[in-house]
Amino acid sequence: MKDPRVSIIDYGISNLLNVVRAFEHCGAKTQVAESPGDVVDAERLVLPGVGAFADGMNGLRTQNLVEPIKAFCKSGRPFLGICLGMQMMLESSEEFGHHSGLELIPGKVVPVPRVGIDGTPHKIPHIGWNELKLPPQRADWHNTILDTVEPGAPMYFIHSFMAAPINDGHRLADCLYDGQQLTAALNKDNLYGCQFHPEKSGEMGLGIVRKFLNL
């Protein structure tokens, strides 16, 4: 069986090297995607990212990647957004103004609540290890990229904004930050997003990478 191929988008502000290493460690043949043609020809596509939403979208627009990404996602092939990459999957963001996203999943990006549910201020950004939870409307993670993950598994997060999907059915996983519900992962058909960094989340995170490669 040939190695699975995955294309990882480089638009100038992503943590590209760690993501490439994680996929190669899991047996993938990786390609850095920098042009519309690279995106269109991909078997599987990954959109990583760190930093501000507007900078990320400007980077994609500068390289003329927005429409090719949308076309790829409509094709049914597997797509994964990581951290900022997941946030850009939504329609818009409230980070430093109002900014349009890729509009792949209905919803917007909003600030992580600055206080816990008891009203006590907590640290922003939400950073470090936090446990994945099943959202109330989801019974399990079977047949998703979290198939090998048990509820309560810790993943590594660093973010000040979070996804707020309109349809709760698109929430694949949550985590709690001092009682506040944060979106940890999204899923809509062939599209997946992880707010946490699977490439920095140890063997459990690499298991998510392997499941994506097997889609």
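Trainee: What is the relative accessible area of C194?
Mentor: This is a predicted model, where local features need pLDDT of at least 70, side-chain atom pairs count only at pLDDT 80 or more, and totals for chains, interfaces and linings use all residues. Residues are numbered from 1 along each chain as its sequence is written, and side-chain values use heavy atoms, with hydrogens and water left out. C194 is buried (buried is under 20% relative accessible area, exposed over 50%, partly exposed in between; 1.4 Å probe, protein chains only). Its relative accessible area is 0%.

Trainee: How many disulfides does the count give?
Mentor: A disulfide here is a pair of cysteine sulfur atoms within 2.5 Å. The C194 sulfur has its closest cysteine sulfur in C83, at 10 Å, too far for a bond. For C73 the closest one is in C194, 14 Å away, so no bond is possible there either. The disulfide count is 0.

Trainee: Which are the edge strands of the open sheet?
Mentor: Strands (E, at least two residues) and helices (H or I, at least four) are DSSP runs, numbered from the N terminus. Strands pair if DSSP finds at least two bridges between them. The sheet has 7 strands in the order 2-1-3-4-13-12-11, with mixed pairing. Pairing on one side only marks the edges: strand 2 (29-33) and strand 11 (171-177).

Trainee: Which residue stands opposite L45?
Mentor: Strand 3 (residues 45-47) and strand 4 (residues 79-82) run parallel, joined by 3 bridges. Opposite L45, in strand 4, stands F79.

Trainee: At about what angle does helix 4 run to strand 4?
Mentor: Helix 4 (residues 66-74) lies across strand 1 (5-9), strand 3, strand 4 and strand 13 (191-194). Axes are lines fitted to C-alpha atoms, for helices over the stretch in contact (heavy atoms within 4.5 Å), and angles run from 0 to 180 degrees between N-to-C directions. Relative to strand 4, the angle is about 130 degrees.

Trainee: Within what arc do the buried residues of helix 1 fall?
Mentor: In helix 1 (residues 16-25), the buried residues are L16, V19, V20, A22 and F23. They line one face, because their directions from the helix axis to the C-beta atoms fall within an arc of 160 degrees.

Trainee: Which exposed residues sit on the face turned away?
Mentor: The buried residues of helix 1 pack against strand 1, strand 2, strand 3, strand 4 and helix 6 (202-213). The face turned away from that buried side carries R21 and H25.

Trainee: Which residue is the bridge partner of P111?
Mentor: Strand 7 (residues 105-111) runs antiparallel to strand 10, with 5 bridges. Strand 10 (residues 161-165) has 4 of its 5 residues buried. In strand 10, the partner of P111 is F161.
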